[in-house]
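Here's a walk through the contacts in a protein–DNA model, one surface at a time. Have the structure open and follow along.

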Protein chains: 2
Amino acid sequence: MDTKARMAKVGRAGANSAGAPLYRQAKRELQRLIECGHYGPGATLPSETGLARALGVSIGTLRRAVDELVHEHLLVRRQGRGTYVTSHTAERFLFQFFHVELRPDAPLDAPGEREYPQVTLVDFTRGKADEMEAAALDRPAGDAVFRIDNRLSLAGRAVVHDRITVAAALFKNLTEQHLRARPGTLYSLYQSEFGITVLRARERVRAIAADTDAARILGLPRGQPVLQVHRIALSFGDKPVEYRVSTVHTAMHDYVSLLPQGR
Amino acid sequence: MDTKARMAKVGRAGANSAGAPLYRQAKRELQRLIECGHYGPGATLPSETGLARALGVSIGTLRRAVDELVHEHLLVRRQGRGTYVTSHTAERFLFQFFHVELRPDAPLDAPGEREYPQVTLVDFTRGKADEMEAAALDRPAGDAVFRIDNRLSLAGRAVVHDRITVAAALFKNLTEQHLRARPGTLYSLYQSEFGITVLRARERVRAIAADTDAARILGLPRGQPVLQVHRIALSFGDKPVEYRVSTVHTAMHDYVSLLPQGR
DNA sequence: CCCAATTTGTTCGTATGTATA
DNA sequence: TTATACATACGAACAAATTGG
C-alpha cells in the first residue's frame with residue numbers, strides 16, 4: 001500500500017522550523033489529514049510505526065501526538081486493534097455533550113445512571129439570525145439560519161427543550177426529513193450529511209422564569225424557575241457551527257458539570 | 001542529602017507484582033508521599049533523575065507518573081526550576097473551583113474576564129448534620145458540623161451566597177477568627193490549618209425560586225429564579241471534605257461549565 | 001554580560017509485554 | 001499459532017529555561 005501518500009513530512013528537530021515542538025507539528029499534520037477527510041469518521045489509521053515513518057518522526061514522538069488527539073476525543077486507541085478516528089455515537093453524545101441527569105434524591109427507582117433521552121422534533125423553520133445567534137455563530141446579523149426545536153424526555157417526562165440554530169450556509173438543504181429520518185444523534189447527522197464535525201462545546205448556565213413556550217413544551221406553569229443553557233458547539237479551529245439554547249426543567253433532574261479527570 | 005530516605009522502591013517490571021503498570025505504582029507512591037506530608041504544599045520535589053533513582057524506575061517512567069499528577073493539578077512543573085507540590089492559591093481557586101463569570105452581553109464595562117470575588121462572612125455556626133449534609137459528607141446523620149455562610153461579590157454586586165458545611169471532626173476547633181483572619185482562599189485555610197487538601201469537586205446545578213434568606217443576602221425579590229449549585233469537594237481517595245450549596249444570582253452573571261481541554 | 005550548573009522539555013531508538021484477529 | 005497493533009519500560013543525547021556566580 002501507499003499509506004504515506006500525500007503525507008507531509010514535518011520539520012526536523014535541530015533547526016526547529018515552525019517554533020513548535022515536533023510532536024505538535026505531527027499532531028497538527030494528523031489533525032489536518034482528519035479535517036480534510038483523508039481519514040474520515042470511523043477510519044482506521046495506519047499503525048504507529050507506519051505513521052511515524054510516513055511523518056518522518058520517531059515512534060515516541062508520534063505516540064505523543066496521538067496522545068493529545070486522544071485526549072481531545074478526536075482519536076481512540078484500542079490495544080491490539082488500531083487507532084481510529086472518533087465518530088459521533090450515542091455514547092459520546094451522552095458523556096461529552098449531554099449534562100442532564102436524574103437527581104440523586106429523586107423519589108424514583110434508580111435507573112442506572114446515565115440515560116439517553118428520547119428526542120422529539122417540535123418545530124423546524126428557516127429564518128434570519130438575530131443578534132445573539134449571529135454573534136454566537138460568527139456570522140453577519142440577518143444571515144439565513146435553520147432553527148430546530150426539540151423536546152427531550154427522560155423516563156417518560158419532558159425535561160429539556162432545545163432551540164438549536166445553525167447557519168444555512170453550512171447546512172445546505174437541511175430538511176425536516178433529515179431530522180426525522182436520522183438513525184443516530186444530531187451530531188452524527190451533521191457529520192455524515194454535512195461533513196461538519198463537532199469537537200467540543202462551551203456552555204453557560206443561568207436561571208430564568210419559564211416563558212410561555214417553554215412552559216407549554218415542558219408541561220409546567222409559566223414563571224416557574226428553569227435552567228437556561230447557552231451552548232456554542234465548535235469544530236476544527238474553534239469554528240462555531242451550532243448555537244443552542246436549552247431550557248431544563250430541574251424539578252427531578254440536574255445539570256451536571258463534568259468533573260475534571262478521573263484516574 | 002538523603003532524599004531517598006523513606007522512599008519505597010516500587011515493584012519491578014518483568015513480574016508485574018501489583019498488576020498495575022510501573023508508572024502507576026510510581027504515581028501512587030508519589031501521591032502517598034504528598035498525602036502523608038512528606039512533601040507538603042509548595043514543596044520542591046527532588047529532580048526527576050533523583051526521584052527516578054530513589055523510586056527505582058527509569059526517567060521515562062518517572063516522568064509519566066509525574067505527568068498524570070500534573071494533569072490532576074497535584075504537581076506543577078517549571079522548566080529550569082523544578083517540580084512543586086501545588087498549593088491553593090487564588091489563581092487555582094479562580095480557574096478550578098469558581099465558575100461564575102460576568103455575562104458576555106452584560107450592560108457593563110468589560111472587566112477583563114475572570115475576577116476574584118470579594119468574600120464576606122455572613123454567619124458561622126455549629127450544628128448537627130441533616131440528611132443531605134450527612135450523605136454528602138459520608139457521615140452519620142446528626143454528626144457535628146460547622147456551617148459557614150459567605151456572600152460573594154463581583155464588581156461590587158452581591159452575586160453568590162455560599163452555605164458551606166464541613167464535619168467538625170475534620171476541622172477541630174475551627175473558629176470565626178480563622179475565617180476572618182485568613183490571608184488566602186478558604187481552601188488554602190483548610191490546607192494550612194487543618195491539613196486537608198481539596199483536590200477536585202463534583203457539582204450539580206438546578207434552578208429554584210429564591211427563598212427569603214437568599215433573597216435578603218443577594219438583594220433580590222423573593223421567588224426570583226436563581227441557580228442552586230450543589231458541590232462536594234473531594235480530597236485524597238475521593239474522600240468528601242466539604243458540602244457547599246451556592247445560590248447564584250444570574251441576572252448579570254453565568255455559571256460557566258469548564259470546557260474540556262484547550263491545547 | 002556571559003558562563004556554568006541544574007532542571008525540565010524534546011527526540012531518538014530499542015526491547016519486551018499484552019490484547020486482538 | 002502466528003502476525004499485527006498498541007502499551008510499557010528503559011536509557012541516551014540534546015534543547016531550553018532558570019539561577020547564581
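What follows covers the protein–protein interface and then each DNA strand in turn.

## Where the two protein chains meet

Keep in mind that this is a predicted model. Let's start with the interface between the two protein chains: 34 residues of chain A are in contact with 34 residues of chain B. The size of an interface is often given as the accessible area lost when the parts come together. Here the area buried between chain A and chain B comes to about 3,300 Å², and carbon and sulfur atoms give 52% of that.

There's plenty of polar chemistry to look at too. The rule finds 6 salt bridges across the interface of chain A and chain B, and one to pull up on screen is Arg204(B) with Asp254(A), whose side chains meet at 2.7 Å, N to O. Across this interface there are also 14 residue pairs in polar contact, counting pairs with both residues at pLDDT 80 or more.

## What chain A brings to the interface

Which elements of chain A each supply at least two residues of the side that touches chain B? They are α1 (22–35), α3 (59–71), β3 (100–102), β7 (200–209), β8 (225–234) and β10 (253–257). Of these, β7(A) gives the most, with 10 residues. Sort the residues on this side of chain A by character and you get 15 nonpolar, 6 polar and 13 charged.

Strands also pair across the chains. β10(A) is joined by 3 bridges to β7 of chain B (residues 200–209), and the two run antiparallel. To find the register, look for Ser257(A), which stands opposite Glu203(B) in β7(B).

## Around DNA strand C

Now over to the DNA. There are 23 residues around DNA strand C, and those that come nearest are Leu22(A), Thr61(A), Arg64(A), Arg81(A) and Glu48(B). Both protein chains feed this surface: α1 and α3 of chain A, plus β1 (75–78) and β2 (82–85) of chain B, each supply at least two residues. The largest share, 3 residues, comes from α3(A). By character, the surface near DNA strand C divides into 6 nonpolar, 9 polar and 8 charged residues.

What part of the strand does the protein see? Of the atoms of DNA strand C within 4 Å of the protein, 81% belong to sugar or phosphate, and the rest to bases. On the phosphate side, a backbone N or O atom of Ser58(A) lies 3.0 Å from a phosphate oxygen, while Arg77(B) puts a polar side-chain atom 2.9 Å from a phosphate oxygen. For a base contact, go to Gln79(A): an N or O atom in its side chain is 2.9 Å from a base oxygen of DNA strand C.

## Around DNA strand D

DNA strand D is surrounded by 22 residues, the closest being Glu48(A), Leu22(B), Thr61(B), Arg64(B) and Arg81(B). Of its atoms within 4 Å of the protein, 85% belong to sugar or phosphate and the rest to bases. The residues of the surface near DNA strand D split into 5 nonpolar, 9 polar and 8 charged.

Three phosphate contacts are worth a look. A polar side-chain atom of Arg64(B) sits 2.7 Å from a phosphate oxygen of DNA strand D, a polar side-chain atom of Thr83(A) lies 3.0 Å from a phosphate oxygen, and a polar backbone atom of Ser58(B) is 3.0 Å from a phosphate oxygen. The elements giving two or more residues to this surface are β1 (75–78) and β2 (82–85) of chain A, together with α1 (22–35) and α3 (59–71) of chain B.

Terms used:
Residues numbered from 1 in each chain as written. Chains lettered and ligands numbered in written order. Predicted model: local features only at pLDDT ≥ 70, side-chain atom pairs only at ≥ 80, totals over all residues. Heavy atoms only, no water. Contact = heavy atoms within 4.5 Å. Buried area = accessible area lost by both parts, 1.4 Å probe. Salt bridge = Lys/Arg side-chain N within 4 Å of Asp/Glu carboxyl O. Polar contact = N/O pair within 3.5 Å; in protein donor to acceptor, adjacent residues only side chain to side chain. Helix = DSSP H or I, 4+ residues; strand = E, 2+ residues; numbered from the N terminus. Nonpolar A, V, L, I, M, F, W, Y, C, P; charged D, E, K, R; others polar. Pairing = 2+ DSSP bridges. Near = heavy atom within 4 Å.
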